[in-house]
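Biologist: I have a structure open and would like to learn how to read its features. Could you walk me through a few of them?

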Amino acid sequence: MLLRVLQGNHVLSGSGRIALLSWTRGQSSKPIEYKPIKKLMVANREIIRVAKHNDVDAIHPGYGFLSERADFAQACQDAGMRFVGPSPEVVRRMGDKVAARRAAIEAGVRVVPGTDNPVTSTEEAVQFCQKHGLPVIFKAAYGGGGRGMRVVRNMEDVEESFQRATSEAKAAFGDGAMFIERFIENPRHIEVQVMGDKSGNVVHLYERDCSVQRRHQKVVEIAPAPNLDPAVRDQMTADAVKLCKHVGYENAGTVEFLLDDKGQYYFIEVNARLQVEHTVTEEITGIDLVATQIRVAEGLTLQELDMTQDKIEPDGCSIQCRLTTEDPARGFQPDTGRIEVFRSGEGMGIRLDGASAFAGAIISPYYDSLLVKVIATARDVQAAASKMNRALREFRIRGVKTNIPFLLNVLENQKFLSGTIDTNFIDENPQLFQYQPSQNRAQKLLNYLGQVLVNGPSTPLATPLQPAVVHVQPPEVDVIAEPPRGWKYIIDTEGPEGFAKAVRQHPGLLLMDTTFRDAHQSLLATRVRSHDLLKISPYVSHKLSNLYALENWGGATFDVAMRFLHECPWQRLSDMRRMVPNIPFQMLLRGANGVGYTSYPDNVVKEFCNLSVQAGMDIFRVFDSLNYIPNLLLGVEAAGTAGGVVEAAICYSGDISDPSRTKYTLPYYLDIAEELVKAGAHVLSIKDMAGLLRPQAASTLIAALRAKYPQIPIHVHTHDTAGAGVASMLRCAEAGADVVDVAVDSMSGMTSQPSMGAVVASLQRTELDTGIPLSTVSDYSAYWEQTRTLYAPFECTTTMRSGNADVYLNEIPGGQYTNLQFQAFSLGLGDKFEKVKQAYREANQVLGDLIKVTPSSKTVGDLAQFMVQNNLSAQDVLLRADELSFPKSVIEFLQGQLGEPYGGYPEPLRSKVLAHMRVEPIEGRPGANLEPMDFAAVKSSLEERFSNISDFDVMSYAMYPDVASQFFQFREKYGPVDKLDTRIFLVGPRVAEEFEVTIERGKTLHIKTLAMAADLTPNGEREVFFELNGQLRSVFIRDEEATKGMAVHPKADPTNKLSVGSPMNANVLDVRVSEGDKVTKGQPLVVLSAMKMEMVVQAPADGTVKAVEVGQGTKVTADDLLVTLE
C-alpha cells in the first residue's frame, strides 16, 4: 500500500484543519484519531504513526516541504517503509546548498562564486558582501522554492534583507542558515530533469526553462527550453547526469543551472525531489514520472523500465502556468478568503493538476498560494501558448484574487512567444501588470442582495410604504428602426447659433420634458433610477422626437445618483445618449457652483462642462441662486467654451404684477437679461422655481423680453405647486415664449411641472400646436403611472395631497417643498409643517428676501427649521444673532460663499453672526481667488485607493469629495447595482423569487433567492443562499444589528492614507514602532507573514504614530487597521 502525503492551501468552511490521506490498495478498518499537524517534526511522527497503523509499504512525499526533509526520509526507512525519493543521505547532501556546491566542484561542474559554508549571522553576511562586492543573492541553505531568498544591491539593505530571508527560511525549513553567492544579472533559469535507479544508472529527460519568476518563484515553465543552443543543451544535460552519478543519486530530481547571455552556464542547486513543474517534462517525453518514481523505489532498473537515454526524445512543447491566489498588481501579495465560484478551463491539449479547488473552499494564509497547475501541450511554443490562453480565459474564480490576468499578458507578450526571456522578464516588462481586473459582477451583486436581505435597504426609505410588486413594461416601439430626426440634428450640424435661430423660426410651441429630472426630484425625492429611465428611453426617442429637449441631468440628480442610488451620474448620461440619439439633452448648471452647493475653482467648472459635452450633454441651463451676475457669467463662459448651447436663466421671485412688491421688478429682470445677452447667451430662460409666475405676470414679463430681444428664443420653467402652471405657460406661449417646460401627466402637477397632456390638448388646432399626439402622451404617461408605484417609499403624496396656493405667500421652491416636508417628519416636526412654512416666509425676510433656488433655498429652509426646532421668532433671531449657533448653510451665505445677494446682505445680522462665529467675510465672486485644481494629482491620489478611476470620476470627486469616495468604495464592493430592478434594489428579493439581471448586452444573470441562515457564524455573519444561472451560490453577510456588542478589529479607512491597513490576511511577526514615535515615509512599521512570505509594511508618509492596533502574533485580515499616523 502507498501513502501519499498531500499539502493543500484550503479547507472546507468550518471544518478546521484536516489531513488528506489516500492509499492504492487496502484500507484498515481500525479506528484512528487524526490530530491537526502543526510542526514539521510532529508531522514526521504523526505521518509515520498513521502509515504504520494502516500497514503502509511506501510513502510518496509529493513536492511539499517534507519531500526535502532528510530526517523524514530516514524516519520512513527506520520504520521499515520505503521513501519514494532519493536516499536520506543524498537528500541531506543535496538539500544543503553548500554541500551540493562542493559535490558539483568535485564532479567538475562549473559553479557560481559563493560561500563555502552556511551563514547564520548578519555580521558574516555583511563581511562576505564587503569582501566580494554586490550584487549578491541570499538563499536558504536547506530549502528552495524561492523562500528565504533575497537579492541585495545596496550595502544599506544587507542587514534587513538577511533578517527577512533567514526568518522566512526558518519558518519554512526549520533552519534559517543562508547560502550567499554572487548574483548573475539577467540569466536564464534552466533545469534538467533526471531519474536514477538503485543500480547507479542515471538518465536525463531534457530541460525546462523556468525563467518567468516572481520573488524567485517560478510562475511559468516551458519544456523544452526555447532557443537553447543544442551544444549547450548537450553539455548541460551531460553535467547534470555526471553530478548525479557522482553523488549516487537515485529516483527523480532536478539539477538547476543559470545560463548567462554569453552561453556560460553555472550549477546552482539540486532539488532532490519531484518538482511542481515536472508535468511539462511528462508531456513532452510521454513518461509518467510519479509512476516511474514508485517503480524505481520498488527496485526496478531504468533498463527494465525501458528508460535508457537513447529512447528518451522530446516531442512538441509544453507550458505550465501556476495559477495562484495572488494579486500581481500589489506585488504578488497572497490573497486569502473563501472561493465563492470555481469553474476551470478544459479542452484538447489541456491538463489540470490541482488540489481541492472548489466553490466554498477556504484559502488560508498558512500554505503556498498555488491553486491549480494548468498545462498546455502543442507542437511549439506559440501553439501551446494559444491553448493556454484559451483555457485560462475559461476559468471563473471568484472570492479571491488570482494571477490569471497577469498570466494572460505573459502569454501574449512577444518576447515570451519568441522565447527570448530571462529571470528579469517580469521586472523588465511592467506592461504585464497593466490589465483589466476581473469585474466579478455577478458575485458582487449577490453580496449586495445579501446585504439588503440581512441588514435592510442601502438607500434610506423616507416612509413605511413599500415598492409595488409590479414588472413595468414600456409601450412597444420598433427599436430596430432609426428614430426620426430631432432637434439634436440641428445642434450637431448647425451649432448652437443655428439651433437658436431654428427654434426662433419654429411656428408652434416647443416643449421640454422634465420627467427625467425635475419632475421626479419634486415628486419622488430625486430617487428615480437609470434603470427605469433607460427602459422608457427608446419610446421617447421614437415617439417624442420633436421635443425641444429632455431635461435629464445636473442639479440634485448628480449627487443623489451617487449618494442614494449608488450609480454613476456620468454613466447615466452616456447611457441615455446612446438610447436617445435624436433629442437634445438639457442640464441644470448652477453657474459658478457647477452641480454642487459651494464655490469651485474656475477650472473645475470649465472642465465639468467639457466632460458633460463629451458624455452627451447639449444645452446648459445656467443659473445662479442669487442671480449674481459674476457667478452667472462664469457658467455662461464655461458652457459656451465647451461647445454647448448656453441657455442663460433668470431666477424669478416675487410678483411683478403686484405694485407693492418693489424689490424684484420688471426692470430688474430686464437688466439681468441684458447682461446675459451681452455675455453670449443663445437662449434666455425664466426659471420660476417656486411656481410664483402668475398668468398676468407671465404675459407682462415674456412680452417685455420678446419686445426687447426679438431674435433670441425664450424658454420658461415653472412649478405647478399652486395649480396655475398650465394657465401661466399658455400665457407665456401667447406672449412670445418659444419653449415651456412640462412633465408627463402622471408625473406632473403639485410641486412638479404642468401637465404635458393638458398643454398639448389646449393648443391642438391652434397656431401654437405642439405637434405631439395626445395618444402618445397617454401611452407615455401610463408607463410612469405604474413606475411611480415602485417609488412608494419616496412618494410626495404621503405628506402632500394636493397643490397649495399658499406658495404665493411662503415662496417655497417646488423641488424643495416635498424635501422640506420629509425633513420635517424626520426631525419630529411633521405635525408642525404649517409652522415650518410660516417660518420659511419669516426666514426669507430675515435674510433679506432672497431669490430662492438651490442652494440659497436650502439656506432659507435650514433657518426655518432651526427657528421651529428652537421656538424662535424672526425678532428672536435678529436680537440673538450674536449668540445663536446658526446652521452651517446660513453662516456660509452670510460669509459670502454663494455670492452677493441683490440689494446687499441683511445688516446688522451679517456682522453679528460673522463676529460671533469669528468668520471673515468674502467680497466678490467666491471662486475667483481659489487655486486651480490639479486634476492629475487628484486622479493619482484616487487611483491609489480605488480601481478604474476615469476623468469623469475625478470630476465627481471634485464636486463631491466625500460622496464620490463613498460611491467608489460601494461600486468596488457591490458592482453594477443600477442593473437591478427597482424593487429588488430598494428592499431586496423575496425568498424563492426568481428574477433576471442584464449586466450588459448578451449577458443576463438568472437569480433565485433560496434562503438565509438563521444562525450566525462566529464572526457574526449570516449565510445567504442563491441560485445563479442554475448553480448554487452563497454569500456571508455580517449582521450589523446582531453584532453590535461583538468586539471586532477595526478596519483601515481607505480614504485616509495615514490609516495603515494590512495588505493581506497574515500573521504579525514584528511591530517596529510604538505610540508617539516619529516616523518618516518608507520607515518599517509592521512585519507580516503569509503563505511563508514576509512583507514589511512601511509608513506611507511622515508623521507621528497615533495608535498601534496589533502586536506580535496578531492574526489580521486584509484591510485590518495596523497603525494610525497623524
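Biologist: Let's start with Arg-590. Where in the chain is Arg-590 found?

Modeller: Keep in mind that this is a predicted model. Arg-590 sits in the loop between strand S25 (585–589) and helix H19 (602–615).

Biologist: Is Arg-590 buried or exposed?

Modeller: Buried means under 20% relative accessible area. Arg-590 has 2%, so it counts as buried.

Biologist: Which residues is Arg-590 in contact with, leaving aside its neighbours within four places in sequence?

Modeller: Among them are Gly-555, Tyr-597, Phe-623, Thr-854 and Tyr-960.

Biologist: Thr-854 caught my eye. What does the UniProt annotation cover?

Modeller: According to the unreviewed UniProt entry, the annotation "binding site" covers Arg-590 and Thr-854. They are spread over 265 residues of sequence, yet they cluster in space, with a largest C-alpha distance of 8.1 Å. Both Arg-590 and Thr-854 belong to the lining of the second largest cavity.

Biologist: And where is the place of Thr-854?

Modeller: Look at the loop between helix H28 (833–846) and helix H29 (856–869). Thr-854 is buried too, because its relative accessible area is 17% and the cut-off is 20%. Not counting residues up to four places away in sequence, Thr-854 touches Arg-590, Tyr-597, Phe-623 and Ser-625.

Biologist: Now the backbone, please. Which residues does a cis peptide bond join, with omega about -10°?

Modeller: That bond joins Ala-223 and Pro-224. Pro-224 lies in the loop between strand S11 (217–223) and helix H7 (230–247). Another cis peptide bond, with omega about 10°, joins Glu-907 and Pro-908.

Key. Residues are numbered from 1 along each chain as its sequence is written. This is a predicted model: local features need pLDDT of at least 70, side-chain atom pairs count only at pLDDT 80 or more; totals for chains, interfaces and linings use all residues. Side-chain values use heavy atoms; hydrogens and water are left out. UniProt positions are given in the numbering used here, feature names are shortened, and annotations may be inferred rather than shown by experiment. On a 1 Å grid over the protein atoms alone, a cavity is a set of points where a 1.4 Å probe fits but cannot get out, and a pocket is an open set with protein on both sides within 12 Å along at least five of seven lines; lining residues have an atom within 4 Å of a point. Helices (H or I, at least four residues) and strands (E, at least two) are DSSP runs, numbered from the N terminus. Buried means under 20% relative accessible area, exposed over 50%, partly exposed in between (1.4 Å probe, protein chains only). Contact means heavy atoms within 4.5 Å.
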